[in-house]
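Here are my notes on the model, set out as numbered points. Please read them with the coordinates open.

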Amino acid sequence: MMFQEIWDPWLIGPFLWFAGIAGMGSVAYSLLRLFKIEEKLKELSLVIFASVVLGLVFVIADLSRPANMPAAILSSLAQGIFIAKLTESWMTLGITLLFLLLILSFLLTLRHAAVPALAKLTDAKWYLVLLALIGFLVTVYSGFLISSAPGIPFWNTALIPVLWVLSASICAIAVLKILVHSEHVSRFLTRAGLGLDIGELLALVALLNVPLYAGPEAARASAAALLVGPLAPAFWLGVVLVGVLAPMALGFLLMRKEDRKLGVAAASLYLVGALLLRVLVIQAGIFEPLHL
């Protein structure tokens, strides 16, 4: 069994994690602003901007010649190739969406940290809707980037974008859970997080069971590697126990009575599990063997 070596799991995994936090964090920011919940918006804007920057750092670091990227983008823009590639390449579309989110989140950070006059722009409904839309598209794109990769059947499923959106939504809730102190907001976050946890668990079961019982040879090997193979200890301990079951159990405790320390613990566990999920899914990719 040989795992793919095209994408480094510890570069692409963190990129996907940061892209999800930035993407669904932007959706959360817009919803909070639209519903006039002001608590910790400044801190959330900083998390979103920092996540976009770190996501770009990790994805560019995985390129074979990262130093050539600015020149390559400028050259393709000058030749009109970049625009044409937007409808053909997930990478080109993704880079565009990430840079749009970088600009939007930078303006948000400036509005909260140094230039209050920008509030007239960043608090406008159209801006918040645009921010949420670009954030959602960044999250979905990161899923399609993986599921459209050729030659690795385990990734070639629509379940990955679905799983990515669910997981990134819980990451955004986890970040908010760590930031906010208001009990009624925290209680709402607990309920929303539990509902999404159940959805994520179902998507995860489907992602592994479908290829295991009805997938091509390479996809079966990928699923087996996660369930009973060399990646199983990290998967069961890091993703299932730490990332899903423990936060879910703490969530049910929080449903009875909110407790900030328990809430922060559940959120932190979830964020660690979400990162490991992405790293292990990338690691588990196996190329379909050639049959001559």
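1. Is Glu258 buried or exposed? This is a predicted model, and in it Glu258 has a relative accessible area of 14%, so the residue counts as buried. Glu258 belongs to the loop that runs between α11 (232-256) and α12 (260-283).

2. The side chain of Glu258 has polar partners. One polar contact, of 3.1 Å, is with the side chain of Lys177. Another, also given as 3.1 Å, joins Glu258 to the side chain of Ser186. With neighbours up to four places away in sequence set aside, the residues in contact with Glu258 are Lys177, Glu183, Ser186, Arg187 and Thr190.

3. Helix α1 covers residues 9-34, 26 residues in total. From first C-alpha to last, α1 spans 37 Å, close to the 38 Å expected at 1.5 Å a residue. Of these 26 residues, 22 are buried, so the helix is largely enclosed by the rest of the structure.

4. Both ends of α1 deserve a look. At the N-terminal end Asp8 acts as a cap, with a side-chain oxygen 2.8 Å from the backbone nitrogen of Trp10. After the helix comes Lys36, which has a positive phi, near 60°.

5. The largest nonpolar core has 78 residues, and the members touching the most others are Phe154, Trp155 and Phe235. Apart from this core there is another, of five residues, including Met24, Val27, Ala132 and Ala172. As general background, nonpolar side chains in soluble globular proteins tend to be buried together.

6. What does Trp155 touch, beyond residues up to four places away in sequence? The list is Gln4, Trp7, Ile146, Ser147, Ala149, Ile160, Val281, Ile282 and Gly285.

7. The model has six aromatic pairs. In one of them, Trp7 and Trp155, the ring centres are 5.6 Å apart and the planes meet at 15°; planes under 30 degrees apart count as stacked, so this pair is stacked. Trp7 sits in the segment before α1, while Trp155 sits in the loop between α7 (125-147) and α8 (159-179), so the pair ties together parts 148 residues apart in sequence. Trp7 and Trp155 are both buried.

8. A further pair is formed by Phe18 and Phe58. With ring centres 5.8 Å apart and planes at 25°, this pair is also stacked. Phe18 is in helix α1 and Phe58 in helix α2 (residues 41-61), so the contact ties together parts that are 40 residues apart in sequence. Their accessibility should be noted separately: Phe18 is buried at 13% relative accessibility, whereas Phe58, at 24%, is partly exposed. Trp17 joins Phe18 and Phe58 in one aromatic cluster.

9. Arg278 and Trp164 should be viewed together. The charged end of Arg278 sits over the ring of Trp164, at 5.1 Å from the ring centre.

10. Where is Leu46 found? Leu46 is in helix α2, and its relative accessibility of 39% makes the residue partly exposed. The C-alpha atoms of Leu46 and Ala22 are 9.9 Å apart in space, with their positions 24 residues apart in sequence counted as separation.

How values were computed:
Residues are numbered from 1 along each chain as its sequence is written. This is a predicted model: local features need pLDDT of at least 70, side-chain atom pairs count only at pLDDT 80 or more; totals for chains, interfaces and linings use all residues. Side-chain values use heavy atoms; hydrogens and water are left out. Helices (H or I, at least four residues) and strands (E, at least two) are DSSP runs, numbered from the N terminus. The expected span of a helix is 1.5 Å times one less than its number of residues. Buried means under 20% relative accessible area, exposed over 50%, partly exposed in between (1.4 Å probe, protein chains only). A polar contact is a pair of N or O atoms within 3.5 Å; within protein, one must be able to donate a hydrogen and the other to accept it, and residues adjacent in sequence count only if both atoms are side-chain atoms. A nonpolar core is a set of buried Ala, Val, Leu, Ile, Met, Phe, Trp, Tyr and Cys residues joined through side-chain atoms within 4.5 Å. Contact means heavy atoms within 4.5 Å. Rings of Phe, Tyr and Trp (its six-membered ring) pair if their centres lie within 6.5 Å; planes under 30 degrees apart count as stacked, over 60 as edge-to-face and the rest as tilted. A charge sits over a ring if NZ of Lys or CZ of Arg is within 6 Å of the ring centre and within 35 degrees of the ring normal.
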